[in-house]
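This briefing covers the interior of one protein chain and the packing of two of its helices. Please keep the sequence and the model at hand while reading.

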Amino acid sequence: MRLALLILFFSMPACAWPQACPQATKAYRWYESQGVCMDSTAQPLLFANAYEWAGTRYQYGRAQKQKGTDCSGFVGSVYREVYCMELHRSSADIWPQAEPVRKEDLQTGDLVFFKIRKGHISHVGIYLGNNKFIHAAVKGGVIVSDLGEPYYQRYFFMGGRVNNCEAP
């Protein structure tokens with residue numbers, strides 16, 4: 001029910017939100033505080049679903065809002081709910097399911113991949129626009145980060161667009 005309200009009101013002008021739906025206003029303000037600008041190209045279902053995970057603690061090998069999630073568990077859960085797509089379970093295994101996308105060509109909903117450990121793909125997130133992405137970080141859990149941060153610039157590998165997934 002809460003997710004349905006968020007979806008409904010993400011399509012309304014921001015000025016109507018406070019009177020119409022406090023939950024949508026909270027989500028909008030949270031994204032705004034993270035530097036994410038939701039404009040006409042925003043995908044309401046993606047933003048609403050990802051917001052439901054905000055603050056979920058990091059837990060390797062899990063994909064549960066209450067008990068924690070890792071990066072690929074978070075991404076897989078969001079893609080399943082929003083796009084009805086099944087992704088493989090690890091970030092390295094998700095990469096072959098995606099068509100490569102250069103950083104400057106990223107669109108909302110694309111995946112961003114990082115080579116952090118020993119030059120292998122070891123982290124994945126979902127691009128939100130305005131150089132921002134949401135992911136499950138070891139420090140902080142599910143958070144929004146900026147691709148321009150030195151850490152993410154250093155380890156960024158490539159973007160990926162998943163159009164047609166095959167079930168793992």
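The notes below deal with the nonpolar cores, then with helix H4, its packing on helix H5, and one residue of H5.

The model is predicted. Its largest nonpolar core has 31 residues, and H5 is the element that gives the most to this core. H4 also gives two or more residues to this core.

**Nonpolar cores**
- In the largest core of 31 residues, the members that touch the most others are Tyr31, Phe74, Leu111, Ile126 and Ile134.
- Three helices give two or more residues each to this core, namely H3 (22–33), H4 (44–53) and H5 (71–83), as do the strands E4 (111–117), E5 (120–129), E6 (132–137) and E7 (141–146).
- The share from H5 is six residues, the most of any element.
- Leaving aside residues up to four places away in sequence, Phe74 is in contact with Ala50, Trp53, Thr69, Ile126, Ile134, His135, Ala136 and Val142.
- A second core, separate from this one, has 10 residues, among them Tyr127, Leu147, Tyr155 and Phe156.
- In soluble globular proteins, nonpolar side chains tend to be buried together.

**Helix H4**
- H4 is largely enclosed by the rest of the structure, because seven of its 10 residues are buried.
- The buried residues of H4 are Leu46, Phe47, Ala48, Asn49, Ala50, Tyr51 and Trp53.
- Gly55, just after H4, has a positive phi of about 85°.

**Packing of H4 on H5**
- The axes of H4 and H5 lie 10 Å apart, and the two helices pack at an angle of about 140°.
- Angles over 145 degrees would count as roughly antiparallel, so H4 and H5 are classed as oblique to each other.
- The crossing of H4 past H5 is right-handed.
- From H4, the residues Leu45, Leu46, Asn49, Ala50 and Trp53 take part in the contact, and they meet Phe74, Ser77, Val78, Glu81, Val82 and Tyr83 of H5.
- Sorted by class, this contact of H4 with H5 comprises eight nonpolar residues, two polar and one charged.

**Ser77 in H5**
- Is Ser77 buried or exposed? Its relative accessible area is 8%, which is under the 20% cut-off, so Ser77 counts as buried.
- Ser77 belongs to helix H5 and is one of the H5 residues that H4 meets.
- With residues up to four places away in sequence not counted, Ser77 touches Trp53 and Ala63.
- Trp53 is itself one of the buried residues of H4, and Phe74 touches Trp53 as well.

Methods
Residues are numbered from 1 along each chain as its sequence is written. This is a predicted model: local features need pLDDT of at least 70, side-chain atom pairs count only at pLDDT 80 or more; totals for chains, interfaces and linings use all residues. Side-chain values use heavy atoms; hydrogens and water are left out. A nonpolar core is a set of buried Ala, Val, Leu, Ile, Met, Phe, Trp, Tyr and Cys residues joined through side-chain atoms within 4.5 Å. Buried means under 20% relative accessible area, exposed over 50%, partly exposed in between (1.4 Å probe, protein chains only). Helices (H or I, at least four residues) and strands (E, at least two) are DSSP runs, numbered from the N terminus. Contact means heavy atoms within 4.5 Å. Axes are lines fitted to C-alpha atoms, for helices over the stretch in contact, and angles run from 0 to 180 degrees between N-to-C directions. Angles under 35 degrees count as roughly parallel, over 145 as roughly antiparallel, 65 to 115 as roughly perpendicular and the rest as oblique. A crossing is left-handed if the near helix is turned anticlockwise from the far one by less than a right angle, and right-handed if clockwise. Ala, Val, Leu, Ile, Met, Phe, Trp, Tyr, Cys and Pro count as nonpolar, Asp, Glu, Lys and Arg as charged, and the others, Gly among them, as polar.
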